[in-house]
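Thanks for asking me to look this over with you. Here are a few notes to read alongside the model, in the order I would go through them.

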Amino acid sequence: MKLKIALLAGDGIGPEVTQEAVNVLNAVAASGGHTFDYVPLLIGGAAIDAHGTPLPDETLQQTLGCDAALLGAVGDNKFNKLAPSERPEAGLLKIRSELGGFANLRPAVAYRALADNSPLRPEITEGADIMFVRELLGGLYFGQPRQWDKQTGRAHNTMVYTQEEVERVARIAFDIASRRPKLKLTSVDKANVLECSQMWRFVVDQVAKEYPTVTVEHQLVDSMAIHLMNRPRDFDVVLTENLFGDILSDESGVITGSLGMLPSATLGGKVNLYEPVHGSAPDIAGQGKANPIGAILTAAMVLRFSANLEREAKIIEDAVVKVLEAGYRTSDIARGDIAGQRKVSTTEMGRLILDRVEAELGAAAS
């Protein structure tokens, strides 16, 4: 397997956690005789500092020439005075749009070892394993017209979807649901108020006819926000439009205990884009406090969806579980004086997971 990967480490803790992900990918490559070539590129605040723009043309063009893109994080408070279109986050929105990925996959798993990290009771979260499939290129974030007229004191955004946009992301969600044990898909909308959601629900029901083995249910977004906290184990694949998916998938960080645990993959475009869900956290950058697990689990998604290396992806995910069960914690998931807990740095956590991955890869090869 040969894979050319654009490395968009970005800002804040992005470079730190991305390096730990790369270390794990390199172990997989060495063990399996694969070739992973990396193309380091600038995006976000780092690109503004170097080139005056959050997404240089060179970054975009070289990324388009790769097989996958691995992103760390973008954003820094020092750029807050810039116009929104000039800030680091604008580079992220633009590259998502240019790469064309429309289905954002965000798994949220309740790890037994981190049960005490969630404000929810363990009996509520135990066994929760949800795959959010968020439509990424439509809705309020990209709809036109949009404007803030400061003279009139009026602002507006436009929620727009086409049937084709809903159909293509629904098909990906159903395909994933058809390969998971529960064979269940929950579609989230606001069909009691929004015409966009009424169309969304209609299209989802039409696509459902192609997947007779998958059970489908519809939830309004406000009730879903409640159910996600009360009974997360009842959900498997959750399909949402852009805004609702952004909010609900971040809410799921309560189930996992930290946003630092959440990976993501954006599929369906010219190049798949992979990024941990957490932000750039510039206040802790360079201090060894960042949690690299979200980035490492994102590397597992690179292997699963761009390299078709399912076994190796599962080895990484299992290694994370074993390290957590052994009591190792970065600062964001450390809790008080819990017996057996050992606080470690970013690089130490990365090394612990890497050691487990290498050991399992070696055992599998022998």
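**Notes on helix 4, Arg-96 and the sheet**

1. Let's begin with Arg-96, keeping in mind that this is a predicted model. Is Arg-96 buried or exposed? Its relative accessible area is 13%, and because buried means under 20%, Arg-96 counts as buried.

2. Next, see what surrounds this residue. Leaving aside residues up to four places away in sequence, Arg-96 touches Gly-101, Leu-136, Leu-137, Leu-273 and Glu-275. With Glu-275 there is also a polar contact between the side chains, at 3.3 Å.

3. Leu-273 is a nice reminder that sequence and space are separate things to check. Arg-96 and Leu-273 lie 177 residues apart in sequence, yet their C-alpha atoms are 7.6 Å apart in space.

4. Now zoom out to the helix that holds Arg-96, which is helix 4. Helix 4 covers residues 88-99, a run of 12 residues. From its first C-alpha to its last it reaches 17 Å, close to the 16 Å expected at 1.5 Å a residue. Just after helix 4 comes Gly-100, with a positive phi of about 85°.

5. Which residues of helix 4 are buried? Along with Arg-96, they are Pro-88, Ala-90, Gly-91, Leu-92, Ile-95 and Leu-99. The buried residues of this helix pack against two other helices, helix 2 (45-51) and helix 3 (57-64). They also pack against strand 1 (2-10), strand 3 (68-73) and strand 12 (272-274).

6. Those three strands lead us to the sheet. In what order do its strands run? The sheet is open, has 10 strands with mixed pairing, and follows the order 2-1-3-12-11-4-5-10-8-9. Strand 2 (35-40) and strand 9 (215-220) are the edge strands, each pairing on one side only. From one strand to the next, the twist averages 25°.

7. Finally, have a look at the end of the sheet where strand 9 sits. Strand 8 (residues 184-189) pairs with strand 9 in the parallel sense, over 6 bridges. To find one of these pairings on screen, start from Lys-184: its bridge partner in strand 9 is Thr-215.

Definitions and conventions: Residues numbered from 1 in each chain as written. Predicted model: local features only at pLDDT ≥ 70, side-chain atom pairs only at ≥ 80, totals over all residues. Heavy atoms only, no water. Helix = DSSP H or I, 4+ residues; strand = E, 2+ residues; numbered from the N terminus. Expected span 1.5 Å × (residues − 1). Buried < 20%, exposed > 50% of the residue type's maximum accessible area, 1.4 Å probe, protein only. Contact = heavy atoms within 4.5 Å. Polar contact = N/O pair within 3.5 Å; in protein donor to acceptor, adjacent residues only side chain to side chain. Pairing = 2+ DSSP bridges. Axes fitted to C-alpha atoms, helices over the stretch in contact; angles between N-to-C directions.
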